[in-house]
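Trainee: Could we go through this model together? I'd like to ask things as they come up.

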Amino acid sequence: MPTPNLPHDRPVSLNDRFQFHCTGCAACCRHIKEGVPLDSLDAYRLTKYLRSQGIGPTCTDDVLMRFGEPVPITDSGYFSYFLKTVGDDDSCIFLNGNRCAVQEAKPTACRLYPIEAAPEKDGVFQIVLCTERPHHFSGPTHKVKNWYYRNMPEDVRAFYHFDFEHAPKIHLLLMAVPDEKKTAALLLFHKYRYSDFALDKPFMPQFMANIKNLICELEKLIQE
Ligand code: SF4
């Protein structure tokens with residue numbers, strides 16, 4: 001998920017309201033280099049969607065290679081995928097004219113826009129309003145609470161909580177991996193966090209098992 005507290009982010013609470021009107025200009029889909037996360041759950045849903053449309057990808061790896069860009073998040077090598085961009089204006093690879101080609105399966109960050117949310121230590125999500133495109137903020141009034149719960153339902157919030165909860169430990173383990181084993185560690189990281197999913201099984205139990213396996217395998221790698 002995007003990191004809140006950028007200059008154009010304004011913290012809001014669930015009881016706040018905001019005016020927002022989608023003008024169809026697609027400004028929020030341009031100039032987004034390393035700006036829109038393509039998380040594991042996003043990749044899983046996109047893969048299933050594209051496969052259902054007969055477009056071809058058979059696994060999350062295909063989708064990540066074609067539509068994602070890995071970006072290091074910390075100096076341990078911990079990385080996240082972001083939507084690939086194209087052209088001089090760094091448009092999202094899924095932007096077709098001014099329309100989203102994967103509207104039904106777009107990433108959580110796109111669903112939530114103009115809100116961003118990230119879990120904090122106490123389990124509460126910090127919610128911010130992205131105000132960098134002021135022309136969006138007119139028209140109907142929306143309750144933050146309704147927008148947030150509609151676009152980030154319980155199963156999605158559970159995924160982000162679990163992911164964020166385990167990220168610090170994984171970061172520390174990656175830091176502890178000796179240099180000569182770093183490539184092996186990052187391959188494990190990719191496999192368990194992004195790749196090892198059966199599309200005909202529910203996502204969350206697989207993700208939870210994968211993260212536990214990743215921690216276990218990294219510990220083994222450090223001790224060997
Ligand atoms: S996935 Fe769709 S909504 Fe999200 S940035 Fe790309 S074109 Fe825009």
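Trainee: Which helices do the buried residues of α1 pack against?

Mentor: Keep in mind that this is a predicted model, where local features need pLDDT of at least 70, side-chain atom pairs count only at pLDDT 80 or more, and totals for chains, interfaces and linings use all residues. Residues are numbered from 1 along each chain as its sequence is written, and side-chain values use heavy atoms, with hydrogens and water left out. Helices (H or I, at least four residues) and strands (E, at least two) are DSSP runs, numbered from the N terminus. The buried residues of α1 pack against α2 (60-67), α3 (108-112), α5 (154-176), α6 (182-195) and α7 (203-223).

Trainee: And which residues of α1 are buried?

Mentor: Buried means under 20% relative accessible area, exposed over 50%, and partly exposed in between (1.4 Å probe, protein chains only). In α1, that label goes to S40, L41, D42, A43, Y44, L46, T47, Y49 and L50.

Trainee: How far does α1 reach from its first C-alpha to its last?

Mentor: Helix α1 covers residues 40-52, which makes 13 residues. The expected span is 1.5 Å times one less than the number of residues. For α1 the expected value is 18 Å, and the helix comes close to it, with a reach of 18 Å.

Trainee: What phi does G54 take, just after α1?

Mentor: G54 follows right after the helix, and its phi is positive. The value is about 75°.

Trainee: Which residues other than glycine have a positive phi?

Mentor: Two to look at sit in the loop between β2 (17-19) and α1: H31 and E34. H31 is exposed at 58% relative accessibility, whereas E34 is partly exposed at 46%. Phi is near 55° for H31, and near 55° for E34.

Trainee: Why does the ring pair of F79 and Y194 count as stacked?

Mentor: Rings of Phe, Tyr and Trp (its six-membered ring) pair if their centres lie within 6.5 Å; planes under 30 degrees apart count as stacked, over 60 as edge-to-face and the rest as tilted. The structure holds 21 aromatic pairs. In the pair of F79 and Y194 the centres are 6.2 Å apart and the planes are at 10°, so the pair is stacked.

Trainee: How many residues apart in sequence are the parts that this pair ties together?

Mentor: F79 is buried at 11% relative accessible area, and Y194 is buried too, at 0%. F79 belongs to strand β4 (residues 79-83) and Y194 to helix α6, so the pair ties together parts whose separation in sequence is 115 residues.

Trainee: How are F203 and F207 paired?

Mentor: Their ring centres are 5.5 Å apart and their planes are at 15°. F203 and F207 are four residues apart in helix α7, so about one helical turn separates them. Both are buried, and by those ring values the pair is stacked.

Trainee: Which residues do ring pairs link into a cluster?

Mentor: F203 and F207 belong to it, and so does Y44. The full cluster is Y44, F159, Y160, F162, F164, F197, F203 and F207.

Trainee: Which residues of the largest nonpolar core touch the most other members?

Mentor: A nonpolar core is a set of buried Ala, Val, Leu, Ile, Met, Phe, Trp, Tyr and Cys residues joined through side-chain atoms within 4.5 Å. In soluble globular proteins, nonpolar side chains tend to be buried together. The largest core here has 62 residues, and the ones touching the most other members are I170 and L218.

Trainee: What is I170 in contact with, leaving aside neighbours within four places in sequence?

Mentor: Contact means heavy atoms within 4.5 Å. For I170 the list is Y78, F189, I211, L214, I215 and L218.

Trainee: Which residues surround the ligand?

Mentor: A residue is near a molecule if one of its heavy atoms lies within 4 Å of it. By class, the shell has eight nonpolar, no polar and one charged residues. Its members are C29, L83, C92, F94, L95, C100, K106, P107 and C110.

Trainee: Where is the cis peptide bond that involves P114?

Mentor: P114 lies in the loop between α3 and β9 (115-119). Omega is near 15° for the bond in question, which runs from Y113 to P114.

Definitions and conventions: Ala, Val, Leu, Ile, Met, Phe, Trp, Tyr, Cys and Pro count as nonpolar, Asp, Glu, Lys and Arg as charged, and the others, Gly among them, as polar.
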